[in-house]
Amino acid sequence: MSENGSDGRLIDALAGELGGSLTRRALLRGASGVALAGMLGARTALAAPKRRSAGDLVVWYLAAGANPEGDKRAFEQSMRAFERAKGAKVKGVAQTLDGFIPAWKAAVKAGQGPDLQYLWEGIFTLEDAWQGNLEPYDTHLAAQETRHWLGTASVRWNGHLWNSPRNLDSLVLLVNKKLLRQAKIDPSTPLQTWAQFLRVCKKLKSAGIGPLGFGLKDGFGGGWLFSAWARAHVDNVADYMRAVVGDADITSERYSEWWFRLAELRDKGYFNNDIGSLPLFHAVNSLFGRGRAAMVPAAASAIRPLLRQVGVGNVRVVSVWPTFGDGKLAKRNITIFSGGMVLPAFSKQKQLAAEFAAFLHRPDQLRNQYQLTTDLPADDRVSAGLIREAWQLQIYQQIKTNPGPWLEDWIPTQMDSEANFSGCQGLFAGQSAADQVKRTRDVLEKWRRQSPELRKAYRKWIGDARRVYRT
Amino acid sequence: MKNALQQPARVAVPVGRRLIPRPVVRVARLEPWLFVLPALAFVGVTFGYPLVDLVRTSFTTTGGAAGLKNFRDLLADPSFRLAIEHNGILLLAVPVLTVLAVALAIFLFEGIRFWRVYRTLVFLPVTISIPVVGGVWGLMLEFNGGLNTILRSLRLDGLAKDWLGSTHLALWSVLGVIVWSQLGFGVVLFLARLLSISPELFEAARIDGAGWWRLHRHVTLPQLRGIIQFYVLLGTITMLSWVFSYVYVITSGGPADATLVSELYIYRSAFVYNQIGIASAAALILLAAVVVFVFLFFRLTGREETE
């Protein structure tokens, strides 16, 4: 109470305005009651989960791939078709690229959220499986359904299947045949060995043409370069995984030569001089599209705009990367399914959600998805006749007959981010290859120390990896 | 009729010769708290609960309770130490922003022609969202981007550096973008304060023979003291815990962690590496650092005011 009683006077004034008989005590009681009721009401509203009817499905999906708008339409059409077929209600919530992981983590923490969630393949799915956040598909769907799903090697663990792939993709090398001709190189020249690759780069550079175009500013490019060349001496993806857990020496030439080969390309000036300040996709599109680089790595799903810019007849797609190694994996292409749908362990509609994931793999749904997106279907029940363009058919045939791992999805995300992303940036900022080998070793030691439970689960994964890629 | 503004009379209940007053005083002491209660409850739910959960999570790993393991791992992690170091370097933006903002505010206050137009132009960057700022400057600062193209056309090739691709320059480039983006806020803040100062103070100083420098040193700056302190406090908190958007959009922490800051470290640990315990421990350390700084700041400025 202030010395001049001003607080008391205010309350009395209010009481007087409301009615002479209302005392200050009554007014304070009334205000407290209103405040308390408000807080209790807010608490109840916040605590009570929204009621869902039995048979309602909530799907958090990411419209991605070559044509995100088309993918979104395909998803929505599939949801409506499932509703008609099953009599269930499906609510789709489109996610954003930057937001879907944090939203998923929040849902896991809260123990409630979608019945189906989009996640990237490989380690991105399995880390959640290891922590008990996911339900495997094979407990809800018959094997004769899931055996048709393509590209699932990286999401099999402990004998179970943890992700339903949405579409297939591949990491290829695009070659501008017109620029090769300008440098007096036969556009169909072989690009299998490292010597062949360097010869072409040298001739291009001598002709004043940028041999290779790439961007590392946003970091993702480091993972691509790792996936392309770190497997040069590796026969099986499990080989590499042994080095991750410490059962083999990650600094040995078998696993680390790729850093020195990358430094070789850097020192010879075969990459664009602004590689450190360009983001990956912007670099690939602008450098290749404008004829400033003769060769670029590209995801198959993102090639179409480049073909339109450069001309389909002027582009050669190299599915198996040039290699300096003799490992069996080096002779395979790089296959991925970028993302698919997982079953959250907290879902109350697991069976229905699994059936929706299977519904997405019905041939009519896959055909519709292809018509709207031109993304390669992740199911062998779709006829290859659906694919009209020769370049895409070539990639699809390679994926089916000669699949190889996208190695980035088989290593801890911490290694990818802190060793590959940062390491490639450091290399092209002038640091040495030896520094990056040391960085990789230190990052793995840190991962083993900071994440012992993940390391245990990862070690268990090695056994599955050995089985899925029989080379 | 009783005047509502009058104090109600004390009602005494005679017991022997002593007067026992009604418990009006106890209720009156509770009054302010009752009015603040809803806001306190809101803050408690939105800030207090997450804080408690943060503290709890910082002592756990995916395997369960982990004691101080997360803190030990954190302090042993060179990436975390590097992130803190980078936040420290970004603190250099605070004196730069303060000096530039004060200088510009004084300049505009002098009443140059079209000063309102300049004020609007200086404030414009503040109104642009950070992702847009980051995206535009990301393009401008590319090695073959807008800035270097201009420099090369002026035959200043030596100045055309790899602003975002060089590990030595990237953090300073980000600092420069932050200063460009935030400067206008300080200018408008100081200018508003200057415009509220009585002009008689300045006239009196001029009559006493004060030149430009003495006028601003002995009249303007003391008048701006409080607002400068506020701005420095706000700027420091910003550089410690509000630069995530700039770094994420412009460089994603690269090249080679050259622009890694503590917020990005926390984000990566939580959402990329699935190390929630470590992320929580890092967030707790960052919170503690900011709280300690704010506490010391108020102690220091409070002592200065007393003196």
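# Worked exercises on a two-chain model

A:Ala384 sits in the loop between strand 13 and helix 16 (390-401) of chain A. Keep in mind that you're looking at a predicted model. Let's start with that loop residue and work outwards.

## Exercise 1: A residue in a loop

Work out whether A:Ala384 is buried, partly exposed or exposed, and find which residues it touches.

**Solution.**
- Step 1: Get the relative accessible area, which is 24% for A:Ala384.
- Step 2: Recall the cut-offs: buried is under 20%, exposed is over 50%, and partly exposed lies in between. A:Ala384 has 24%, so it counts as partly exposed.
- Step 3: Look for contacts, skipping residues up to four places away in sequence. That leaves A:Leu393 and A:Tyr396 touching A:Ala384.
- Step 4: Check one of these partners along the chain. A:Tyr396 is 12 residues from A:Ala384, and their C-alpha atoms are separated by 8.0 Å.

## Exercise 2: A residue in a helix

Now do the same for B:Asn70: is it buried or exposed, and what is it in contact with?

**Solution.**
- Step 1: Place the residue. B:Asn70 belongs to helix 2 (residues 69-76) of chain B.
- Step 2: Compare its area with the cut-off. The relative accessible area of B:Asn70 is 2%, so the residue is buried.
- Step 3: List its contacts, leaving aside neighbours within four places in sequence. B:Asn70 meets B:Thr57, B:Ser58, B:Phe59, B:Thr60 and B:Thr61, and also B:Gly277, B:Ile278 and B:Ala281.

## Exercise 3: The partners of strand 8

Find out how well covered strand 8 of chain A is, and which strands it pairs with.

**Solution.**
- Step 1: Count buried residues. Strand 8 covers residues 167-176 of chain A, and 10 of its 10 residues are buried, so to speak mostly covered.
- Step 2: Sort the side chains. A:Asn167, A:Asp169, A:Leu171, A:Leu173 and A:Val175 point one way, while A:Leu168, A:Ser170, A:Val172, A:Leu174 and A:Asn176 point the other way.
- Step 3: Go through the pairings, one strand at a time:
  - Strand 9 (residues 295-299) runs antiparallel to strand 8 of chain A, with 5 bridges joining them. Here A:Val175 has A:Met295 as its bridge partner.
  - Strand 10 (residues 315-318) is antiparallel to strand 8 of chain A too, with 4 bridges. Here A:Val175 is partnered by A:Arg316.
  - Strand 11 (residues 335-336) pairs with strand 8 of chain A in the antiparallel sense over 2 bridges. A:Ser170 has A:Thr335 as its bridge partner there.
  - Strand 13 (residues 376-377) is joined to strand 8 of chain A by 2 bridges, again antiparallel. A:Asn167 stands opposite A:Pro377 in this strand.
- Step 4: Follow up on strand 9 of chain A. Its count is 5 of 5 residues buried, so strand 9 is largely enclosed by the rest of the structure. A:Met295, A:Pro297 and A:Ala299 point one way from strand 9, and A:Val296 and A:Ala298 the other way.

## Exercise 4: The nonpolar cores

Identify the residues with the most contacts inside the largest nonpolar core, and trace what A:Trp229 touches.

**Solution.**
- Step 1: Start with the general idea. In soluble globular proteins, nonpolar side chains tend to be buried together.
- Step 2: Find the largest core, which has 150 residues. A:Trp229, A:Tyr240, A:Leu262 and A:Met295 have the most contacts inside it.
- Step 3: Trace A:Trp229, not counting residues up to four places away in sequence. It touches A:Trp194, A:Phe197, A:Trp258, A:Leu262, A:Leu265, A:Trp321, A:Pro322 and A:Phe324.
- Step 4: Look for another core. One of 59 residues lies apart from the largest, and includes B:Leu164, B:Leu191, B:Val247 and B:Ile266.

## Exercise 5: A bend in a helix

Describe helix 8 of chain B: what is its span, and where does it bend?

**Solution.**
- Step 1: Helix 8 of chain B runs over residues 170-195, which gives 26 residues.
- Step 2: From first C-alpha to last, helix 8 reaches 38 Å, close to the 38 Å expected at 1.5 Å a residue.
- Step 3: Now the bend: helix 8 of chain B turns by about 40 degrees at B:Gln182.

## Exercise 6: Chain profiles

Put together a short profile of each chain.

**Solution.**

| Property | Chain A | Chain B |
|---|---|---|
| Helices and strands | 19 and 13 | 13 and 4 |
| Residues | 471 | 307 |
| Buried residues | 58% | 38% |
| Accessible surface | about 18900 Å² | about 17400 Å² |
| Part from carbon and sulfur atoms | 52% | 70% |

Note on methods. Residues are numbered from 1 along each chain as its sequence is written. Chains are lettered from A and ligands numbered from 1 in the order in which they are written. This is a predicted model: local features need pLDDT of at least 70, side-chain atom pairs count only at pLDDT 80 or more; totals for chains, interfaces and linings use all residues. Side-chain values use heavy atoms; hydrogens and water are left out. The expected span of a helix is 1.5 Å times one less than its number of residues. The bend at a residue is the angle between axes fitted to the seven residues ending there and the seven starting there. Buried means under 20% relative accessible area, exposed over 50%, partly exposed in between (1.4 Å probe, protein chains only). Two strands pair if DSSP finds at least two bridges between them. A nonpolar core is a set of buried Ala, Val, Leu, Ile, Met, Phe, Trp, Tyr and Cys residues joined through side-chain atoms within 4.5 Å. Contact means heavy atoms within 4.5 Å. Accessible areas come from the Shrake-Rupley method with a 1.4 Å probe; for residues, only the protein chains shown count as cover.
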